[in-house]
Amino acid sequence: MSDPERLNRKIRAALAPCSLGQWPTPLEPGTPALAHALGLEALWVKREDRSSPRCGGNKVRGLEFLLAGAPAGSVFVTVGGTGSTHCLATAVHAAALSCRAALAQFPQPETETSRAVAAASQAHAALVVRAATRATLPAALLAAWRGARRLGPRRWIPGGGAHPRAVVGHLLATLELTQQLPDPPETIVAPLGTGGTVAGLLLGIAGLGWPTRVIGVRVAPALVANRWRATRLARRARRLLARVGVPLPAPRSPDILNGLGRGYGWPTVDGESARRLAAQHGLVLDSTYGAKAFACLLHRETWNMRRVVFWHTFAMPARLPESVR
Ligand SMILES: Cc1ncc(COP(=O)(O)O)c(C=O)c1O
């Protein structure tokens with residue numbers, strides 16, 4: 001097993017991320033009553049939602065690597081649903097670096113959270129081009145890319161921040177667990193969207209030599225959220241690190257559960273039950289990601305889970321930051 005602190009320092013020295021978040025994010029024990037209600041021996045919650053007071057969530061991990069090194073005035077162009085926390089985080093954190101964001105967005109079902117995220121994204125991005133349907137997203141993307149040219153030098157950020165550099169950010173999150181847990185967890189459960197988060201977990205546990213199983217709960221269509229893509233992202237991140245002198249063992253593949261229901265952003269019956277149960281124990285989850293992932297714990301006997309770390313990726317802050325446009 002690599003020394004996690006040394007590995008963290010080596011990776012940061014080699015890839016020079018910028019600083020956007022507050023690390024480590026807390027690892028909280030779930031209340032014994034919640035663990036008991038789920039039939040688990042132990043439950044911990046990794047509070048990635050608390051990664052930054054400016055705008056938290058798992059996406060900050062990747063953005064530290066994706067936005068690094070951009071000159072002031074750069075425009076980050078990216079894509080996502082209207083309620084995409086990746087789009088919002090890109091817009092808010094770009095501004096913190098004296099840069100801006102141009103967003104191409106597709107419509108998604110409205111929930112309280114997705115509406116609030118959409119409004120905040122609109123307020124923080126320099127340019128938002130909304131496609132009327134998913135089919136017209138390529139045209140919206142082209143318009144955002146072209147429009148961004150007038151605003152400054154452009155840099156492309158893939159949807160969801162799914163890029164090997166961003167995966168490295170999630171790898172570092174995994175290393176934090178060594179300081180927070182006495183032993184490797186048996187299982188980590190995380191929502192699976194564009195795959196970068198789960199990829200980083202896979203690579204992190206490979207680097208630590210842990211036997212931990214990673215379960216990605218699919219919350220986006222299988223074309224985007226699948227085992228092959230997450231594993232490929234983890235392997236590409238491994239190659240990237242090898243090139244800069246940080247060799248790591250090969251990552252395993254994740255287990256995938258389907259939590260999608262009717263589609264991306266549509267609440268599911270199971271997800272909403274899980275959300276209510278979590279709320280009764282003081283854990284606030286969103287319908288699109290957290291609730292659907294947490295719902296798999298309601299059926300944990302199928303997966304024989306006993307000691308679980310739940311990767312909590314986003315909670316709508318009570319107050320969003322003022323627009324800095
Ligand atoms: C809040 C939240 N949780 C989880 C995910 C899934 O992460 P990933 O896209 O890295 O699979 C996303 C992705 O958009 C997200 O915004």
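Two strands count as paired here if DSSP finds at least two bridges between them. With that in hand, take strands β7 and β8 of this predicted model. β7, residues 187-192, pairs with β8 in the parallel sense, and the pairing runs over 6 bridges. One of those positions is Pro-191, whose bridge partner in β8 is Val-217.

I'll stay with β8 for a moment. Strand β8 covers residues 213-218, and 4 bridges join it to β9, residues 255-258, again in parallel. At Arg-218, the bridge partner in β9 is Asn-258. What unit do β8, α9 and β9 make? The three of them make a β-α-β unit, and it is right-handed.

Now the whole sheet. These strands belong to an open sheet of 6 strands, in the order β1-β2-β10-β7-β8-β9, and the pairing is mixed. The edge strands are β1, residues 27-29, and β9, each of which pairs on one side only. Averaged over this sheet, neighbouring strands are turned by 25 degrees against each other, with direction ignored.

As for the other end of the order, β1 runs antiparallel to β2, residues 42-47, and 3 bridges join the two. Glu-28 has Val-45 as its bridge partner in β2. On to β10, residues 307-312, which pairs with β2 in the parallel sense over 6 bridges. There, Ala-42 stands opposite Arg-307 of β10.

Next, the second sheet. It is also open, with 4 strands in the order β5-β4-β3-β6, and its pairing is parallel. Which strands stand at the edges? They are β5, residues 127-130, and β6, residues 154-156; each has a single partner strand, so one side of each is left without a neighbour in the sheet. From one strand to the next, the twist averages 25 degrees.

Inside that sheet, β3, residues 75-81, and β4, residues 100-106, pair in the parallel sense over 7 bridges. An example position is Gly-80, which stands opposite Gln-105 in β4.

Two helices lie across these strands. α4 lies across β3 and β4 and runs at about 170 degrees to β4. α6, residues 137-149, lies across β3, β4, β5 and β6, at about 165 degrees to β4.

Now a helix pair. In general, two packed helices are described by the angle between their axes and the distance between the axes. For α7, residues 164-180, and α9, residues 227-243, the axes come within 8 Å and cross at roughly 90 degrees. That makes α7 roughly perpendicular to α9. From α7, the contact is made by Pro-164, Arg-165, Val-167, Val-168 and Leu-171; from α9, by Leu-233, Ala-234, Arg-236, Ala-237, Leu-240 and Leu-241. How do the residues of this contact divide into nonpolar, polar and charged? There are 9 nonpolar, no polar and 2 charged.

α7 comes up again with helix α3, residues 59-66. α3 is mostly covered, with 8 of its 8 residues buried. The buried residues are Lys-59, Val-60, Arg-61, Gly-62, Leu-63, Glu-64, Phe-65 and Leu-66. What covers them includes α7, along with α1 (4-15), α4 (85-96) and α8 (196-208).

Last, two residues of α10. Glu-272 is placed in this helix, which covers residues 269-280, and Arg-275 lies in α10 as well. As background, an α-helix has 3.6 residues a turn, so residues three or four places apart point the same way.

Is Glu-272 buried or partly exposed? It has 15 C-beta neighbours inside 10 Å and therefore counts as partly exposed. Arg-275 has 22 C-beta neighbours inside 10 Å, so Arg-275 counts as buried; the cut-off for buried is 20 or more.

On contacts, leaving aside neighbours within four places in sequence, Glu-272 is in contact with Pro-267, Ser-287 and Ala-291. With residues up to four places away not counted, Arg-275 touches Leu-285, Ser-287 and Ala-291. Ser-287 and Ala-291 thus appear in the list for Glu-272 and in the list for Arg-275.

Two distances to finish. Glu-272 and Ser-287 are 15 residues apart along the chain, and their C-alpha atoms are separated by 6.8 Å. Arg-275 and Gly-196 are 79 residues apart along the chain, with 24 Å between their C-alpha atoms.

Conventions. Residues numbered from 1 in each chain as written. Predicted model: local features only at pLDDT ≥ 70, side-chain atom pairs only at ≥ 80, totals over all residues. Axes fitted to C-alpha atoms, helices over the stretch in contact; angles between N-to-C directions. Parallel < 35°, antiparallel > 145°, perpendicular 65-115°, else oblique. Contact = placed C-beta atoms within 7 Å. Nonpolar A, V, L, I, M, F, W, Y, C, P; charged D, E, K, R; others polar. Buried ≥ 20, exposed ≤ 12 C-beta atoms within 10 Å, placed from the backbone. Right-handed = clockwise from strand over helix to strand, strands pointing away.
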